Protein chains: 2
Amino acid sequence: MTGVTLADVAKRAGVSTATVSMVLCNKGRISSSTRERVLKALDELGYVYNQTAANLRNRSSNQVGLLLHDITNPFYGEMTAGLSHEVERHDRLLLLANSEESAERQQKFVDSLMRNNVCGMVLCAARETPQSFFDSLKRRNIPAIMVVRPLSDPDFDFVGTDNFLGAQVATEHLLKLGHRRIAFIGGSQNSGSRAQRIGGFTSKLLEYGITPHSEWILTSQASQSDGARVAQALLTQNPLITAAVCYQDIVALGVMQTLRKLGREPGRDFALVGFDDITEAGLVQPALTTVSVAAKEIGRKAGELLFSRIQGNDEPVKRIILPPALVVRESCGFR
Amino acid sequence: MTGVTLADVAKRAGVSTATVSMVLCNKGRISSSTRERVLKALDELGYVYNQTAANLRNRSSNQVGLLLHDITNPFYGEMTAGLSHEVERHDRLLLLANSEESAERQQKFVDSLMRNNVCGMVLCAARETPQSFFDSLKRRNIPAIMVVRPLSDPDFDFVGTDNFLGAQVATEHLLKLGHRRIAFIGGSQNSGSRAQRIGGFTSKLLEYGITPHSEWILTSQASQSDGARVAQALLTQNPLITAAVCYQDIVALGVMQTLRKLGREPGRDFALVGFDDITEAGLVQPALTTVSVAAKEIGRKAGELLFSRIQGNDEPVKRIILPPALVVRESCGFR
DNA sequence: TTGTATGCGTTATCAT
DNA sequence: ATGATAACGCATACAA
């Protein structure tokens, strides 16, 4: 802190603080001669604007918050980049908080963001978020956009991807290739995204006159090893299964491992579709066919919506659902 | 903004604002009876502390800035998580800015962070950062820690990894496995980290009596596809090369692709070591042997040092160099 | 132990 | 076109 204030500059330029302030904000009409003088004084003194004071006086803030549960996940890294870009475009600053999936820390962060007067926030809530969390958010009445995880609370704007449709597209792809015995592998029991994907999966099966087997729908951790583990049991007991939709790409990678262990070659003896289009998907052999959910775009759209809310847009609650895209590679057969 | 202030609470509780303030900060001695009353009023009114006002009054701030050039890069995601954790431990908030490698935007961000009065910052400066950037930072005299990219400006604290040693360890690993024709793939021409890694690479070759071929040292973008591209030319023209140290894991992943395209199986016909130990490294097949630079730890250490500076530690400039660790997986052969 | 009064650096209202 | 001054919400020195 250099400590140079408006008053110092004013004295130096031989004007009032009001004048300096107006020069800084380009408000009011000031003769170009005094403007010159002020500008010169500003420069000579190495003045640095005190946003904190301005925020207090204006009862506003130039900061928005982003609450994530795992910044380490490349998907959220992408999303953050998209949002960050939008935030910059609006000359705001981004406050980042990482709940690491703890409801307690999440609440702490949001409280902190509120104390810091953020003008809005983007949230990907932890899985076990209590209703009280959303309530406290509403009470303060600060613009907040939920992202990625569906069904947080219907009163909030939401930006995410169409899990249902994504799973439908993935499933139909397998169906059209002639597969009839298809499993769904991965995701945790209490995941809303997973519920939607399973919905897309089963609905499409039914559309083709196929009754979904609930024993062919497996949960797993979000890791390759656990994907491999759960697939092992399923595929040894049900060798007639010829394809699977996986909840995540990483799970699909695990399934690939298991297939090879069982002497079956993915892409030839078995068809596999993943979800997320992570980098590795294009890398493995055979390259993984997957549903892409455009993480960066989610961030960008969330920012766009947030700023429109900040600027007073009071249309009814919005749900922006980005269309997923099937990225066809090699894991369902080469042609 | 609910708009409830200290004064409102004070009135309600029948005390002065000073008392309320003291209750909030746990300062001064206040009878437990009035404390009760204040706490009750606080709660009833749904008071929310105004950090902005406090910051102004205290001539301080509870925010630290983090300037990155690519939040999308998993390495920086990890680092951010480490720093974020440390920031939380100190009850501060983290302002994130993404320069996308533009010196101009970077300067804009830092100016903005300064106007917002951050109490400190962690910086991974853009590659083409002009000296004026560092000068403006020094002028304001705000604690700043440089990370990852070496040699920014000797007057700043630095936290990074030992690139030289890391590359030596990686190279020696290949050498001990019997490889004698080893390439170095990746990194951009003007990268300081890369220069250090090449130093480790060549010095170790020389130690084993091998003369480094400059044509076997390639630059590439930090992407899988470019890694694949540059490897293609090298490996078709020099089929006798049996191993490579890659500047980054992502580049190594690209090289894997190329190898397969050329009918060579990584881990069997060719040995590969990466750098960074990103999540994908453990996921691909064969899993990538790599030099871990403990991204999270860099973030944590940077935070630790930053807060010690903020608290007044005025020891001479520090350079914290974290030891790299070779993570042996499968890409140099299974055993 | 608690209250009074002042100032942090800015902006906006009202004069001039 | 510009100046004086009163907030913004809080913390603290000092008084009581």
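Which elements of chain A do the buried residues of α1(A) pack against? View 2 gives the answer. This is a predicted model, in which local features need pLDDT of at least 70, side-chain atom pairs count only at pLDDT 80 or more, and totals for chains, interfaces and linings use all residues. Residues are numbered from 1 along each chain as its sequence is written, chains are lettered from A and ligands numbered from 1 in the order written, and side-chain values use heavy atoms, without hydrogens or water.

**View 1. Helix α1 of chain A and its buried face.** Helix α1(A) spans residues 6-13; helices are DSSP runs of H or I, at least four residues, numbered from the N terminus, and strands are runs of E, at least two. Val9(A), Ala10(A) and Ala13(A) are buried (under 20% relative accessible area, 1.4 Å probe, protein chains only). Seen down the axis of α1(A), the buried residues fall within an arc of 100°, so they line one face of the helix. The arc is taken over the directions from the helix axis to the C-beta atoms.

**View 2. Packing and ends of α1(A).** The buried residues of α1(A) pack against α2 and α3 (32-45) of chain A (contact: heavy atoms within 4.5 Å). At the helix start, a side-chain oxygen of Thr5(A) comes within 3.1 Å of the backbone nitrogen of Ala7(A). Gly14(A) follows α1(A) and has a positive phi, near 70°.

**View 3. Protein surface near DNA strand C.** There are 26 residues around DNA strand C (near: a heavy atom within 4 Å). Tyr47(A), Tyr49(A), Arg57(A), Thr19(B) and Arg57(B) come nearest. Sugar and phosphate make up 75% of the strand C atoms that come within 4 Å of the protein. The surface residues divide into 11 nonpolar, 10 polar and 5 charged. The largest share, 4 residues, comes from α4(A).

**View 4. Phosphate contacts from chain B.** A backbone N or O atom of Ser16(B) lies 2.8 Å from a phosphate oxygen of DNA strand C. For the side chain of Thr34(B), an N or O atom is 3.0 Å from a phosphate oxygen of the strand. A polar side-chain atom of Arg59(B) lies 3.3 Å from a phosphate oxygen of DNA strand C. Elements giving two or more residues to the surface near the strand are α2 (17-25) and α4 (51-58) of chain A, with α2 (17-25) and α4 (51-58) of chain B.

Notes: A polar contact is a pair of N or O atoms within 3.5 Å; within protein, one must be able to donate a hydrogen and the other to accept it, and residues adjacent in sequence count only if both atoms are side-chain atoms. Ala, Val, Leu, Ile, Met, Phe, Trp, Tyr, Cys and Pro count as nonpolar, Asp, Glu, Lys and Arg as charged, and the others, Gly among them, as polar. Buried means under 20% relative accessible area, exposed over 50%, partly exposed in between (1.4 Å probe, protein chains only).
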